[in-house]
Amino acid sequence: MLYNFRLIVIILFGFKLIGLSAQELPPIQNYSPQDYHGETQNWSLSQTNSKTIIAANNKGLLTFDGERWNLYKSPNESIIRSIKVIGDRIYAGMYRDFGYWTENEFGSLEYTSIASKLDIPLKEDEQFWKIIALQDWILFQSLDRIYIYNTKDQSFKIINSDTGITKMYEVNDKIYFQKTNQGLYKIESGQDILVSNDTVLSDYRLINVFEVNNDLLIQTQDYGFFILKDNNFSVWNQTLDDILKDKSVYNSIQLKNGNYALGTISHGLLVIDKDGAPLYSIDQNKGLGNNTILSLFEDSENNLWLGLDNGLSCINMNSPFRVYNDDNGLIGSIYTSELYSNKLFIGTNQGLFCRNPEGDDKFQLVEGTQGQVWCLFKYDNKLFCGHDSGTFVIDNLKARKISNIEGAWNIKPIQNKPNQLIQGNYDGLYILEKINSNWALKHKIEGYDISSRFFEFTNPNSLLVSHEYKGIISLKLNNELSKVENISTDENLKGLKSSLLKYNEQIYYAFDKGIYKYNASENQFLRDSLLSRTINPSSFVSGKLISDQKNNRLWSFSNNAINYTEPGNLSDIPKVKSIPLPYELVKSVSGYENILALDNNSYLIGTTSGYIVFDLNKLNNPSYHTSISSITNTKNRSIKTPNNVSLSGSGLFSNEEHNLEFNYSIQEYDKFFIAEYQYQLLGIYDDWSDWSVESKQLFENLPYGDYTFNVRGRINNKTTENIASYNFKIERPWYMSNLAIAVYIIGFVLLIILTHNIYRGYYKKQQKQILEKGKRDLELKELENQKQIMRIQNENLEKDIENKNRELAISTMSLIKKNEFLNTIKGELKNVESNDLKRVIRIIDNNINNTDDWKLFEEAFNNADKDFLKKIKAKHKSLTPNDLRLCAYLRLNLSSKEIAPLLNISPRSVEVKRYRLRKKMNLPHEASLTNYILEI
């Protein structure tokens with residue numbers, strides 16, 4: 001069953017003696033229309049062989065398997081008034097129709113109309129309010145008729161009433177019914193026979209008929225119960241009639257234990273014993289979902305189901321749990337409890353209260369104890385009360401204060417000192433002493449002022465004190481227990497909600513990392529692996545340990561259970577057991593949990609709003625069964641309406657249908673027992689999953705293959721007897737089908753043939769290519785020879801060019817030397833003043849500027865560097881012949897000093913010419929003129 005507090009609100013409540021003010025109550029589960037997605041009224045209840053609960057709702061037929069509700073609308077969309085599970089069929093009666101539902105292969109219900117199938121003539125506006133099965137006959141009762149349907153031969157009979165029929169009853173395989181204003185009838189041999197027409201039977205509306213000591217017990221709606229004996233009527237129980245005189249009873253049933261449950265209109269539920277004595281009553285103020293009860297049903301596990309005018313309720317009649325709820329907040333949160341002088345004492349945050357544990361009277365405050373009570377301790381036939389304001393001794397329901405020291409956490413006896421007690425307070429440790437039969441505060445133990453809630457003696461003069469923030473503190477006391485002589489602290493063991501306790505002469509320390517046992521010889525705490533199983537650090541709720549000296553048990557608390565340890569039967573290894581009571585439902589004050597051993601192996605647990613009593617003798621371990629309730633399949637999660645899958649046989653799905661969701665359940669309705677599930681999907685997830693309260697599992701994008709889905713459950717750590725299984729197969733995709741594989745094989749053979757032909761053609765082509773290559777190689781050799789000849793010719797040309805360059809260089813250098821020589825002579829002649837020499841100088845100048853020299857140079861230059869002058873002239877059309885001469889000299893990479901004699905100018909004038917040439921060529925400042933000319 002799904003442990004989901006968003007959908008289910010577990011309310012602890014119970015029955016209450018008539019006229020009394022306080023009760024210990026069993027659990028009830030309320031289901032609202034929002035939970036089951038139906039309408040408010042539920043007219044009839046039943047249960048299938050698989051323990052599924054069936055309800056007749058205004059909107060249709062409801063089913064509940066402990067995890068989820070399903071609604072099946074009636075065929076004519078009318079209100080279903082009656083249901084009855086008979087074998088594998090769910091018979092139902094509604095407006096102008098009756099028939100049955102059966103489960104199909106998908107786990108869903110399908111309806112078959114008997115009235116339509118047999119063409120039964122129904123009356124106008126006829127509705128069917130009761131269904132009874134008797135041998136091979138099924139009886140459907142409306143307000144006008146009774147239809148008797150034979151399941152063997154499909155025949156039917158009709159019993160009519162002119163005045164109307166109120167209800168139909170089965171008593172010891174006999175069918176009774178009341179005709180309005182006529183009396184009580186029974187059916188024999190298919191005929192209605194008058195039983196009695198007494199005024200009680202003709203004038204009073206009957207609710208039910210039972211048998212008591214071979215007599216008929218007649219229940220009326222407004223006038224109580226009567227015994228019909230020898231055609232005489234008498235009141236069955238006058239006290240009961242007085243209680244019922246202002247109540248209108250709508251329906252009733254006799255429970256398996258012989259008691260009777262009466263459902264009333266506006267007054268809730270009343271339970272009476274087999275003699276008519278009132279036992280319990282419960283209404284909406286005490287936790288019932290609604291005060292008007294339309295139907296009652298006791299299921300196979302003795303849970304009492306109530307179909308209400310607004311919702312449904314389930315009472316766990318045989319639950320081992322009972323709860324006392326402090327609905328008005330008069331007592332507060334319980335921190336401690338104790339039995340003393342035949343009274344139940346509870347210490348709360350509001351004071352010390354007591355009452356008779358066997359009665360139903362209210363708790364009374366012990367005068368003078370208002371405020372926080374921390375502990376109750378029985379010793380020397382006295383009840384000691386550790387209080388926020390001090391310490392009290394309780395005697396004759398009166399509190400006598402023996403210490404004004406605030407904050408008495410705990411009180412313990414002292415070994416070999418029966419007249420002394422040690423007390424832990426907010427500010428240290430104190431000694432109490434008995435003087436002349438009266439207890440009083442003796443002294444404080446000096447040298448220690450730390451809060452001491454949990455402490456234990458390791459020897460008569462040594463103590464261990466647990467502190468949440470400081471760790472475990474070791475104290476060495478003097479012989480008089482008046483002073484601390486030595487203090488040491490172990491900070492490795494400390495934590496919130498921790499505790500220290502002595503159990504079976506062993507000291508244990510519990511916190512969020514586990515339970516540790518004190519080793520006296522090594523003077524240290526060692527982890528107890530067995531007891532530490534009860535503490536899970538990830539879901540830690542409290543380290544509080546409680547010693548039950550009465551039954552020799554050690555109690556601890558976890559998230560999903562209350563655990564207890566007791567000695568082993570045949571060995572010294574203790575046994576650890578759990579009670580499936582979730583911590584959220586216990587609602588104790590965390591770190592201040594308390595358990596009290598009552599009589600007959602029952603216990604009391606204090607909570608924030610009362611207490612819970614549970615009986616270990618009733619914590620049996622019944623067998624449970626896991627079932628797969630439905631399987632759905634979709635091609636795509638975006639599809640809102642998945643396909644239902646047949647639960648019978650094995651499933652076969654196409655490759656596209658690879659998303660499967662499994663819903664499963666355990667038909668268990670005790671809401672203190674949490675169902676957990678574990679699954680595996682053989683074929684892909686062979687390992688079992690972790691235990692989870694989720695009752696469904698979705699598998700998406702499963703690859704093709706064979707699978708087996710297995711699911712099992714457990715309740716109270718007991719695994720279900722069976723493993724529910726479903727085998728299915730997801731087909732291979734189309735490209736992996738047999739046809740596709742055959743196509744692949746044929747294609748592969750054709751590919752081999754094609755490859756063979758291709759290679760055959762390839763080798764033929766390759767042979768041809770080899771021949772052609774040989775031919776090409778010959779041609780290439782011929783070309784290579786031609787290239788060799790051309791290379792030799794080119795080399796000869798290059799030699800010619802080199803020679804011409806050499807000639808140009810020689811010619812140029814000759815010109816330079818000649819001009820330099822002439823310039824030298826000219827310079828020398830200028831120093832001699834003679835008119836004849838001037839003529840010689842002119843002859844020298846003419847030789848220096850001889851155009852024939854330039855033409856000779858130009859011809860040699862063109863032979864060495866063909867078309868250079870044409871290229872540069874085409875590129876720079878503004879160049880003059882002198883500019884071209886300068887370019888030619890620069891092309892030979894001559895310096896300005898070498899060029900000057902050729903132009904018969906000074907080197908500085910050459911630089912000027914170079915500058916002007918740069919401007920004509922539009923060269924940037926950073927560009928080299930010589931490099932530019934060399935690159936052309």
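**Around helix α10**

In this predicted model, four residues of helix α10, namely R885, L886, Y889 and L890, meet I899, L902 and L903 of helix α11. Sorted by character, the residues of this contact between α10 and α11 comprise 6 that are nonpolar, none that are polar and 1 that is charged. The spacing of the α10 residues can be read with a general rule in mind: an α-helix has 3.6 residues a turn, so residues three or four places apart point the same way.

Two packed helices are described by the angle between their axes and the distance between the axes. For α10, which spans residues 881-891, and α11, which covers residues 896-903, the angle is about 140° and the axes lie 11 Å apart. Because angles over 145 degrees would count as roughly antiparallel, this pair is instead described as oblique, and α10 passes α11 in a right-handed crossing. Just after α10, the residue N893 takes a positive phi of about 60°.

A second helix also packs against α10, namely α9, made of residues 868-875, and here the angle is about 125° while the axes are 11 Å apart. The helices α9 and α10 are therefore oblique to each other as well, and their crossing is right-handed. On the α9 side the residues involved are F868, L869, I872 and K873, which meet L884, C887, A888 and R891 in α10. The residues of this contact divide into 6 nonpolar, no polar and 2 charged.

How many of the 11 residues of α10 are buried? The count is 9, so the helix is largely enclosed by the rest of the structure. The buried residues are D883, L884, R885, L886, C887, A888, Y889, L890 and R891, a list in which charged residues such as D883 and R885 stand beside nonpolar ones such as L884 and L886.

In soluble globular proteins, nonpolar side chains tend to be buried together. In this model the largest nonpolar core holds 45 residues, and those touching the most other members are F321, W555, I579, L581, F662, F709 and F728. Leaving aside residues up to four places away in sequence, I579 touches F321, W555, N560, A561, I562, Y564, F614, L616, L619 and N716. Apart from this core lies another, of 24 residues, and among them are I872, L886, L902 and L917. With this second core the path returns to the helices, since I872 belongs to the α9 contact with α10, whereas L886 and L902 take part in the contact between α10 and α11.

Terms used
Residues numbered from 1 in each chain as written. Predicted model: local features only at pLDDT ≥ 70, side-chain atom pairs only at ≥ 80, totals over all residues. Heavy atoms only, no water. Core = buried A, V, L, I, M, F, W, Y, C linked by side-chain atoms within 4.5 Å. Buried < 20%, exposed > 50% of the residue type's maximum accessible area, 1.4 Å probe, protein only. Contact = heavy atoms within 4.5 Å. Helix = DSSP H or I, 4+ residues; strand = E, 2+ residues; numbered from the N terminus. Axes fitted to C-alpha atoms, helices over the stretch in contact; angles between N-to-C directions. Parallel < 35°, antiparallel > 145°, perpendicular 65-115°, else oblique. Left-handed = near helix turned anticlockwise from the far one by under 90°.
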